[in-house]
Amino acid sequence: MGRSIYLAGPEVFLPDAAAIGERKRRICAQYGFTGLFPLDNGLDLQAGTSVAAAIFGANMKMLAGADLILANLTPFRGVSADVGTVFELGAGYAMGKPVFGYSNVRGTLIERLAALTEFQPFKAGADDRLYAADGLAVEDFGLADNLMIAEALHCSGTEIIMPDREVVDIGRDLGVFERCIRAIAALTGFPVSPLG
């Protein structure tokens with residue numbers, strides 16, 4: 001099999017996470033990649049090691065061994081991507097790996113913030129920045145998520161890939177995921193059409 005892709009995302013919290021991981025691995029294989037799903041780790045629960053520490057260590061080892069990182073950046077329990085997923089994307093970027101991302105939700109970060117009543121209404125400050133009702137400035141660069149996420153993806157030659165229509169499912173609808181795999185294949189020189 002070809003290059004390996006670490007599949008970061010909040011799908012690990014779904015009750016059918018293992019089945020979602022298997023579907024993602026099959027899609028990766030169709031395009032010549034090996035998908036590495038975080039739940040595939042065999043945890044080494046040595047004496048004195050917590051489950052959390054074992055998961056962290058196993059995921060970091062898998063991430064370090066991957067050629068690329070693909071993050072599901074669909075907003076998770078808020079207006080932005082899952083913090084663990086973003087950590088893994090940042091770690092991969094810091095390791096010099098190409099990073100890619102997709103979201104099953106359309107729109108920009110500021111549009112999602114504007115929809116939350118606790119942040120309304122935005123007001124212009126003396127510095128020409130927008131401020132939410134909590135008195136803090138609102139990031140308004142027209143990006144799909146925080147600028148640090150978006151710019152890391154730009155460095156790999158892509159943007160957050162989003163659906164043509166609204167998809168609300170955080171991890172079971174894999175149409176945008178597959179579009180992202182095709183984009184990665186095109187950018188990395190792998191076949192753009194499925195192999196099988």
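1. Let me start with burial: 42% of the 196 residues of the protein chain count as buried. Please keep in mind that this is a predicted model. On contacts, if we take those in the protein chain between residues at least 6 apart in sequence, 69% join residues at least 24 apart.

2. Now the overall layout. The protein chain holds 6 helices and 6 strands, and their order along the sequence is β-α-β-α-β-α-β-α-β-β-α-α. The radius of gyration is 18 Å, close to the 16 Å that the globule rule gives for 196 residues, so the protein chain is as compact as a globular protein of that length. The C-alpha trace spans about 55 × 50 × 30 Å along its principal axes.

3. Strand β1 is a good place to look next. It covers residues 4–8, and 5 of its 5 residues are buried. In a regular strand, side chains alternate between the two faces of the sheet. Here both faces are covered: Ser4, Tyr6 and Ala8 are buried on one side, and Ile5 and Leu7 are buried on the other.

4. Which strands does β1 pair with? One is β2 (residues 34–36), which runs parallel to β1 and is joined to it by 3 bridges; within this pairing, Tyr6 has Leu36 as its bridge partner in β2. To get from β1 to β2 the chain passes through helix α1 (residues 17–30), and this β-α-β crossover is right-handed. Another is β3 (residues 68–72), also parallel to β1, with 4 bridges between them. There, Ala8 stands opposite Ala71.

5. Leu68 deserves a closer look. This residue sits in strand β3, and its relative accessible area is 0%, so Leu68 is buried. Leaving out residues up to four places away in sequence, Leu68 touches Arg3, Ser4, Ile5, Tyr6, Phe33, Pro98, Phe100, Ile184 and Thr188. Among these contacts, Ser4, Ile5 and Tyr6 are also buried residues of β1. As for Cys155, which is 87 residues away from Leu68 along the chain, the two C-alpha atoms are separated by 13 Å.

6. I would also draw your attention to Lys97, in the loop between α3 (83–94) and β4 (99–102). What is the nearest side chain of opposite charge to this buried lysine? It is Asp67, 6.1 Å away, and Lys97 has no salt bridge. The cut-off for a salt bridge is 4 Å between a side-chain nitrogen of Lys or Arg and a carboxyl oxygen of Asp or Glu. Lys97 does touch Asp67, along with Leu63, Ala64, Ala66, Ile69 and Gly92, again not counting residues up to four places away in sequence.

7. Two backbone conformations are worth checking by eye. Arg77 is not a glycine, yet its phi is positive, at about 55°. Arg77 belongs to the loop between β3 and α3 and counts as exposed, at 75% relative accessibility.

8. The other backbone case is Asp128. Its phi is positive as well, at about 70°, although Asp128 is not a glycine. The loop that holds Asp128 lies between β5 (123–124) and β6 (130–131). Is Asp128 buried or exposed? With 72% relative accessibility, Asp128 counts as exposed.

Technical notes: Residues numbered from 1 in each chain as written. Predicted model: local features only at pLDDT ≥ 70, side-chain atom pairs only at ≥ 80, totals over all residues. Heavy atoms only, no water. Buried < 20%, exposed > 50% of the residue type's maximum accessible area, 1.4 Å probe, protein only. Lys, Arg positive; Asp, Glu negative; His and termini not counted. Contact = heavy atoms within 4.5 Å. Pairing = 2+ DSSP bridges. Right-handed = clockwise from strand over helix to strand, strands pointing away. Rg over C-alpha atoms; globule rule 2.2 N^0.38 Å.
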